[in-house]
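Here is a walk through one protein model, taken site by site. Keep the structure open and follow along.

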Amino acid sequence: MDAVIAKTLENLKANQFGAYYAETSADALEIVKSLIAEGEKVDRGGSMTIEQIGALDYILENCGYTDPYKVTDPAEKEKLMQARYTCDTFLCSANAVISDGRLYNEDGICSRVAPMLYGPKQVIVVAGRNKIVNTEAEARKRMMTVAAPLNAKRLNTGTPCTEDGVCHNCKSERRICCSTVITNFNRIKERIKVIIVNEDLGM
Ligand code: SF4
């Protein structure tokens, strides 16, 4: 295992995260499956990584999950979005994993970071090796120069970063980076489990 990944996993454990290593996306999916108990209510936050490893397809086919992002009726979509706050297992990624064993996230309406913080019994975070950074400052830089502009473009937000790939600290109604959340430690041991995959995944 790569030394940086090994150090990051060790530091995550010290901060009471569950910490897992997956050599490939297929391995990561097997770990996700092993952590979901039969009959559990499973939900997920918007994440390319969760889609790329096949976890979205898995929960659609096996866990009775309905994807709110595919629902057009606003009332039905909101009902489905609210369900994530009371689910058993919430799947998502992180914008960055700081190698001292912490998670860094930025969110727009916070429907991803809110259930990460409280509600679901467990949260499974899957992150590619490309998400590992050394400091909070590096995490912020990665967010504003890589992840946010790329995600804004993918989501067609029309924010200025979609034009030139540079953050303008915009005041747009569709701004996707409104709240910064750094998770330093798990009060409930291993409530948040982090799987680091030895592949580049997500943005
Ligand atoms: S603040 Fe606005 S311009 Fe900057 S990355 Fe976020 S959405 Fe883009």
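Which residues surround the ligand? The model is predicted, so read each site below as part of a prediction. The shell around the ligand consists of Ala148, Thr159, Cys161, Cys167, His168, Asn169, Cys170, Arg175, Ile176 and Cys177. Sorted by class, that shell has 6 nonpolar, 3 polar and 1 charged residues.

Where does the ligand sit? It occupies the largest cavity. The structure holds 1 cavity of 30 Å³ or more. The volume of the largest cavity is about 80 Å³. Its lining is made of 13 residues, and Thr159, Cys161, Cys167, Cys170 and Cys177 are the closest to its centre. Those five names also appear in the list of residues surrounding the ligand. By class, the cavity lining has 8 nonpolar, 3 polar and 2 charged residues.

Next, turn to the open spaces. The largest pocket has a volume of about 1000 Å³. It is lined by 42 residues, and those closest to its centre are Gly46, Tyr69, Asp107, Arg154 and Leu155. Which elements give two or more residues to this lining? They are helix H3 (48-52), helix H5 (74-83), strand S5 (102-107) and helix H7 (136-154). The lining divides into 15 nonpolar, 12 polar and 15 charged residues.

The second largest pocket holds about 220 Å³ of space. Its lining has 13 residues, with Leu117, Asn186, Arg187, Ile188 and Arg191 nearest the centre. By class they divide into 7 nonpolar, 3 polar and 3 charged.

Now for the charged pairs. Side chains of opposite charge can pair when their charged atoms come close. How many salt bridges does the structure hold? There are 10. Three of them are worth a visit.

Start with Asp107, one of the residues closest to the centre of the largest pocket. Asp107 forms a salt bridge with Arg112, and the closest N and O atoms are 4.0 Å apart. Are the partners buried or exposed? Asp107 counts as buried at 10% relative accessibility. Arg112 is also buried, at 10%.

The pair of Asp200 and Arg129 is next. Their closest N and O atoms are 3.1 Å apart. Asp200 lies in the segment after strand S9 (192-197), while Arg129 lies in the loop between strand S6 (122-128) and strand S7 (132-133), so this salt bridge ties together parts that are 71 residues apart in sequence. Asp200 is exposed, with a relative accessibility of 52%. Arg129 is partly exposed, at 37%.

Some salt bridges share partners, and in this way Arg44, Glu51, Asp67 and Lys70 are joined into one network. Within that network, look at Lys70 and Asp67. The closest N and O atoms of this salt bridge are 3.9 Å apart. Lys70 is exposed, with a relative accessible area of 66%. Asp67, in contrast, is buried, with a relative accessible area of 7%.

Move on to Gly45. This glycine is found in the loop between strand S2 (42-44) and H3. H3 is also one of the elements that help line the largest pocket. Gly45 counts as buried, at 0% relative accessibility. Which residue is 66 residues away from Gly45 in sequence but 7.2 Å away in space? It is Ser111, with the distance taken from C-alpha to C-alpha.

The last stop is the backbone. Most residues other than glycine have a negative phi. Asn156 and Glu190 have positive values.

Asn156 has a phi near 55°. It is found in the loop between H7 and helix H8 (161-164). Asn156 is exposed, with a relative accessible area of 60%.

For Glu190, phi is about 60°. Glu190 lies in the loop between strand S8 (179-183) and S9. At 33% relative accessibility, Glu190 counts as partly exposed.

Conventions
Residues numbered from 1 in each chain as written. Predicted model: local features only at pLDDT ≥ 70, side-chain atom pairs only at ≥ 80, totals over all residues. Heavy atoms only, no water. Near = heavy atom within 4 Å. 1 Å grid on protein atoms, 1.4 Å probe; cavity = no way out; pocket = protein on both sides within 12 Å on 5 of 7 lines; lining within 4 Å. Sits in = over half its atoms within 2 Å of the grid points. Nonpolar A, V, L, I, M, F, W, Y, C, P; charged D, E, K, R; others polar. Salt bridge = Lys/Arg side-chain N within 4 Å of Asp/Glu carboxyl O. Buried < 20%, exposed > 50% of the residue type's maximum accessible area, 1.4 Å probe, protein only. Helix = DSSP H or I, 4+ residues; strand = E, 2+ residues; numbered from the N terminus. Points joined across faces, edges and corners; volume = space filled by probe spheres on them.
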